[in-house]
Amino acid sequence: MLMISTPKKPSPTVGFLLHDVARLLRKRFEQHARDSGLTRSQWQVLAYLDQNAGIQQGALAELLEVEPITVGRILDKLESCGLAERRPHASDRRIWQLYLTEKARPKLTELRALGDVTRAEAFDDIPLAEREQLLATLGRMKDNLTAACQMPVAERQVQNG
């Protein structure tokens with residue numbers, strides 16, 4: 001009897017697995033937030049403004065890893081909804097600082113609740129100790145990669161060589 005073996009699938013790499021989990025978290029959050037009247041990008045800007053009141057548009061674009069014009073369009077929409085506002089800088093008329101309005105507070109509460117539901121679904125059958133270990137490991141990976149990204153390329157090659 002002739003046995004034909006099928007090639008073994010390679011195990012997923014950490015990068016692919018993290019990417020897929022992040023994509024699915026975003027997708028599930030969007031499903032929960034569908035009736036909120038806001039897009040994921042708008043939610044993201046609200047969340048960043050909550051943590052970075054007074055930030056300038058260019059700096060916010062860097063945090064979000066998008067072009068300033070993209071942030072500008074999102075801000076235009078959020079301003080028209082009364083959720084965010086641009087205020088002139090105290091000493092430089094060319095600069096606008098970005099802030100949430102009081103009307104945004106209930107939306108942020110809704111955002112956090114939807115995030116809690118989404119995370120609960122993701123962690124459904126995972127024991128607390130494993131959750132904590134995962135977050136600690138991901139935190140260390142982030143620190144390692146942040147440090148590596150700040151190193152000149154030649155230095156990275158010496159360390160890894």
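**Exercise 1. The nonpolar core**

Task: Find how many residues the largest nonpolar core has, and which have the most contacts inside it.

Solution:
- Start with the term: a nonpolar core is a set of buried Ala, Val, Leu, Ile, Met, Phe, Trp, Tyr and Cys residues joined through side-chain atoms within 4.5 Å.
- Buried means under 20% relative accessible area, exposed over 50%, and partly exposed in between (1.4 Å probe, protein chains only).
- The largest core has 23 residues. Trp43, Val45, Leu46, Leu49, Leu60, Leu75 and Leu78 have the most contacts inside it.
- Now the elements. Helices (H or I, at least four residues) and strands (E, at least two) are DSSP runs, numbered from the N terminus.
- Two or more core residues come from each of α1 (14-33), α2 (40-51), α3 (57-64), α4 (68-80), β3 (96-100) and α5 (104-122).
- Take Leu49 as an example. Leaving out residues up to four places away in sequence, Leu49 touches Ile55, Leu60, Leu75, Ala84, Leu98, Tyr99 and Leu100. Contact here means heavy atoms within 4.5 Å.

A note on the model: it is predicted, so local features need pLDDT of at least 70 and side-chain atom pairs pLDDT 80 or more, while totals for chains, interfaces and linings use all residues. Residues are numbered from 1 along each chain as its sequence is written, and side-chain values use heavy atoms, without hydrogens and water.

**Exercise 2. The sheet**

Task: State the order of the strands in the sheet, and say which stand at the edges.

Solution:
- Two strands pair if DSSP finds at least two bridges between them.
- The open sheet has 3 strands in the order β1-β3-β2, with antiparallel pairing.
- β1 (55-56) and β2 (84-88) are the edges. Each has a single partner strand, so one side of each lacks a neighbour in the sheet.
- Count the bridges between β2 and β3: there are 5.
- Pick out one residue pair: Glu85 has Tyr99 in β3 as its bridge partner.

**Exercise 3. Helices α1 and α5**

Task: Decide whether Thr118 is buried or exposed, and list what it touches.

Solution:
- Thr118 is found in α5. Its relative accessible area is 5%, so Thr118 is buried.
- Thr118 touches Leu25, Arg28, Phe29 and His32, again leaving out residues up to four places away in sequence.
- One of these, Leu25, lies in α1. Leu25 has a relative accessible area of 34%, so it is partly exposed.

**Exercise 4. Salt bridges**

Task: Find the salt bridge partners of Glu121, Arg40 and Glu85.

Solution:
- A salt bridge is a side-chain nitrogen of Lys or Arg within 4 Å of a carboxyl oxygen of Asp or Glu. The structure holds 11 of them.
- Glu121 pairs with Arg28, with closest N and O atoms 2.8 Å apart. Glu121 is in α5 and Arg28 in α1, so the pair ties together parts 93 residues apart in sequence.
- Arg28 is partly exposed because its relative accessible area is 32%. Glu121 reaches 36%, so it is partly exposed too.
- Arg40 pairs with Glu30, the closest N and O atoms being 2.5 Å apart. Arg40 lies in α2 and Glu30 in α1, 10 residues apart.
- Glu85 pairs with Arg87 (2.6 Å, N to O).
- Salt bridges that share partners also join Asp50, Arg105 and Arg112 into one network.
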